[in-house]
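Reader: I have a structure to look at and some questions about it. Can we take them one at a time?

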Amino acid sequence: MFKKKVEYKAQTAVGGKALKKLRLDFAGFAAGLDVDVVLPSKGEVWEKKLAWGGSKAKVYFLKTMPVAVDDGKSLLFPTVMALWEAPDALPFFEVHAPVSHFVCGGADLMLPGVRVIHSLSEVPGSIPPGTLVAVKVYGNPLPIAVGVTLFDPADPPEGDGRVVEVLQTYGDTLWESAGSPIPNPGFLENRVAPLAGEADSESEDGSEDGSDNE
């Protein structure tokens with residue numbers, strides 16, 4: 001979504017009833033994510049409308065950090081920067097480091113590129129279509145992207161293997177507009193790597209075989 005330069009045409013403070021409604025709407029889209037982390041009831045929240053021709057999209061800021069996006073159609077979702085404060089709040093797809101180059105470039109996630117699926121449900125590996133999810137690199141605990149599932153990976157259709165439509169990523173223009181924050185040393189230019197010791201520790205506890213689809 002954020003492949004071209006981010007420019008805004010209007011800025012409005014969000015408070016009172018408007019903030020209460022925004023918080024309720026956000027909780028409906030991302031039930032597993034503590035709304036107080038992203039949009040605190042007493043936080044300094046701003047709404048900025050994107051100056052893209054014909055777009056009704058809006059970005060919500062907590063002070064100066066973009067934390068949520070309304071795509072102007074039917075979806076309200078947290079930014080990947082917001083998820084760094086709550087990295088395990090959403091179901092997530094774990095990939096090997098080389099895949100991060102494509103995801104950070106804005107490519108949708110293909111099911112063959114997925115290492116492990118953490119569904120956070122009673123059915124291992126099952127995530128209903130239309131669910132907000134994060135993408136992580138094996139050995140790095142912080143998300144590299146946020147997106148929405150296109151089909152349930154537990155019951156993949158024939159043909160198109162695009163399992164996640166990527167909405168916002170580390171390295172995109174929204175991230176750049178926020179000052180290009182680097183959350184940990186594994187976040188490199190155009191890709192994300194495991195942290196030293198993280199992948200080894202997971203291998204030692206037996207989780208590298210993909211059997212921990214929670």
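Reader: How much space lies in the largest pocket?

Author: Keep in mind that this is a predicted model. A probe the size of a water molecule, rolled over the atoms, shows where empty space is left. For the largest pocket, that space comes to about 300 Å³.

Reader: Which residues lie nearest the centre of the largest pocket?

Author: The lining of the largest pocket is made up of 20 residues. By class, eight are nonpolar, seven polar and five charged. Those that lie nearest the centre are Cys104, Gly105, Thr169, Gly171 and Asp172.

Reader: Which element gives the largest share of the lining?

Author: Three elements give two or more residues each to the lining of the largest pocket: α4 (97–104), β11 (162–169) and α5 (173–177). The largest share is four residues, and it comes from β11.

Reader: How many residues of β11 are buried?

Author: Buried means under 20% relative accessible area. The strand β11 has eight residues and is mostly covered. The buried ones number six.

Reader: Which strands pair with β11, and in what sense?

Author: Strands of a sheet pair through backbone hydrogen bonds, either parallel or antiparallel. β7 (residues 109–110) pairs with β11 over two bridges, and Leu109 has Val164 as its bridge partner. β10 (residues 143–149) pairs with β11 over five bridges; there Gly147 is matched with Val166, and Ala145 with Thr169. So the strands are β7 and β10, and the sense in each case is antiparallel.

Reader: Which strands stand at the edges of the sheet?

Author: The sheet is open and has six strands, in the order β7-β11-β10-β9-β6-β8, with mixed pairing. An edge strand has a single partner strand, so one side of it is left without a neighbour in the sheet. That applies to β7 and β8 (114–118).

Reader: What angle does α4 make with β10?

Author: α4 packs on the sheet. It touches β6 (92–95), β7, β9 (132–137), β10 and β11. The direction of α4 makes an angle with that of β10 of about 65°.

Reader: Which bridge partners does Phe92 have in β8 and β9?

Author: Phe92 is buried and points the same way from β6 as Glu94, while Phe93 and Val95 point the other way. β6 pairs with β8 in the antiparallel sense over four bridges, and with β9 in the parallel sense over four bridges. In β8 the partner of Phe92 is His118, and in β9 it is Ala134.

Definitions and conventions. Residues are numbered from 1 along each chain as its sequence is written. This is a predicted model: local features need pLDDT of at least 70, side-chain atom pairs count only at pLDDT 80 or more; totals for chains, interfaces and linings use all residues. Side-chain values use heavy atoms; hydrogens and water are left out. On a 1 Å grid over the protein atoms alone, a cavity is a set of points where a 1.4 Å probe fits but cannot get out, and a pocket is an open set with protein on both sides within 12 Å along at least five of seven lines; lining residues have an atom within 4 Å of a point. Grid points are joined across faces, edges and corners, and a volume is the space filled by probe spheres set on the points. Ala, Val, Leu, Ile, Met, Phe, Trp, Tyr, Cys and Pro count as nonpolar, Asp, Glu, Lys and Arg as charged, and the others, Gly among them, as polar. Buried means under 20% relative accessible area, exposed over 50%, partly exposed in between (1.4 Å probe, protein chains only). Contact means heavy atoms within 4.5 Å. Axes are lines fitted to C-alpha atoms, for helices over the stretch in contact, and angles run from 0 to 180 degrees between N-to-C directions.
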